[in-house]
Amino acid sequence: IPKIRGIRSVQKATQMTATKRLVLTAVNIALCLVLPMAFHSIPNGGKIMLPMHIPVLLCGMVCGWPYGLAVGAVMPLLRGLLFGMPVLYPTGIGMAFELAAYGAVIGLLYAKLNKRGVAGVYMALVPAMLAGRAVWGVAQTVLLGLGGNGFTMQMFIAGAFATALPG
C-alpha cells in the first residue's frame, strides 16, 4: 500500500475519476443486458429474482445518483428493444421509472450517510426499494389507466411485494 501524505493526497486517493465512473457504469449496463438471461430460463425467474435491479442499485451506490438514474431509466427500454423482454408497454416503461428511482434514491442516500459497509448499504437500500416500488405503482396506474385498464391495490401488492419478495 503506497504511503499517502497530506490531505490533498488522501482526497485524491479516495475520489473516483469520471473515467472510472463511466467504466463502472458500462459494466453495470453490460450486467443489465446479460444477467436477466440467466434467470429467464427459470419460469417467472425474472419477475421473482429481479436481475436487472441489482446492477442499477450497484451503479447508483458506487457511481452516484446521476449514473444510477441514467442506467435505470435506459436499460429496461434498451433491453426491451434488443431482446423483446421486458415488453415495452406497460412493463418496460414502468420498470424504467422504477429503476430510475432506485438508482437515484440509493445514490443520494448512500452519499449522504456517514455509515459505510453493510449497515450503510441497508440504510440506503431499503428506502430506495420502497421508493422505487411506489414509483412503479404510480407509473403502472397511469400507464394502465391510459390503456383503459385498471390497476388495483391487489395488483400493486402482488406485483411489488408478493411475487418479487425473493428478489
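**Exercise 1.** How many residues does helix α5 have, and what distance does it reach from its first C-alpha to its last?

*Solution.* The model examined here is predicted. Helix α5 covers residues 65-83, which gives 19 residues. From first C-alpha to last, the helix reaches 27 Å. At 1.5 Å a residue, the expected value is 27 Å, and the span of α5 is close to it.

**Exercise 2.** Determine at which residue α5 bends, and describe what follows on either side of the helix end.

*Solution.* Begin within the helix: α5 bends by about 30° at M75. Next, look further along the sequence, where the proline P76 follows within four residues. Finally, pass beyond the helix: just after α5, G84 takes a positive phi of about 80°.

**Exercise 3.** Identify the buried residues of α5 and the helices that help to cover them.

*Solution.* Apply the cut-off first: a residue is buried when its relative accessible area is under 20%. In α5, the residues that count as buried are G68, V71, G72, M75, P76, R79 and G80. M75, the site of the bend, is thus listed among the buried residues. Then consider the cover, which includes α2 (18-39), α4 (53-63) and α6 (88-112).

**Exercise 4.** Place α5 in the context of the whole protein chain.

*Solution.* Count the elements: the chain has eight helices and zero strands. Turn next to burial, where 35% of the 167 residues count as buried. Consider then the contacts between residues at least 6 apart in sequence: 61% of these join residues at least 24 apart. Lastly, the accessible surface comes to about 9,900 Å², with 72% belonging to carbon and sulfur atoms.

Technical notes: Residues numbered from 1 in each chain as written. Predicted model: local features only at pLDDT ≥ 70, side-chain atom pairs only at ≥ 80, totals over all residues. Heavy atoms only, no water. Helix = DSSP H or I, 4+ residues; strand = E, 2+ residues; numbered from the N terminus. Buried < 20%, exposed > 50% of the residue type's maximum accessible area, 1.4 Å probe, protein only. Contact = heavy atoms within 4.5 Å. Areas by Shrake-Rupley, 256 points an atom, 1.4 Å probe, with all protein chains shown as cover. Expected span 1.5 Å × (residues − 1). Bend = angle between axes of the 7 residues up to and from the residue.
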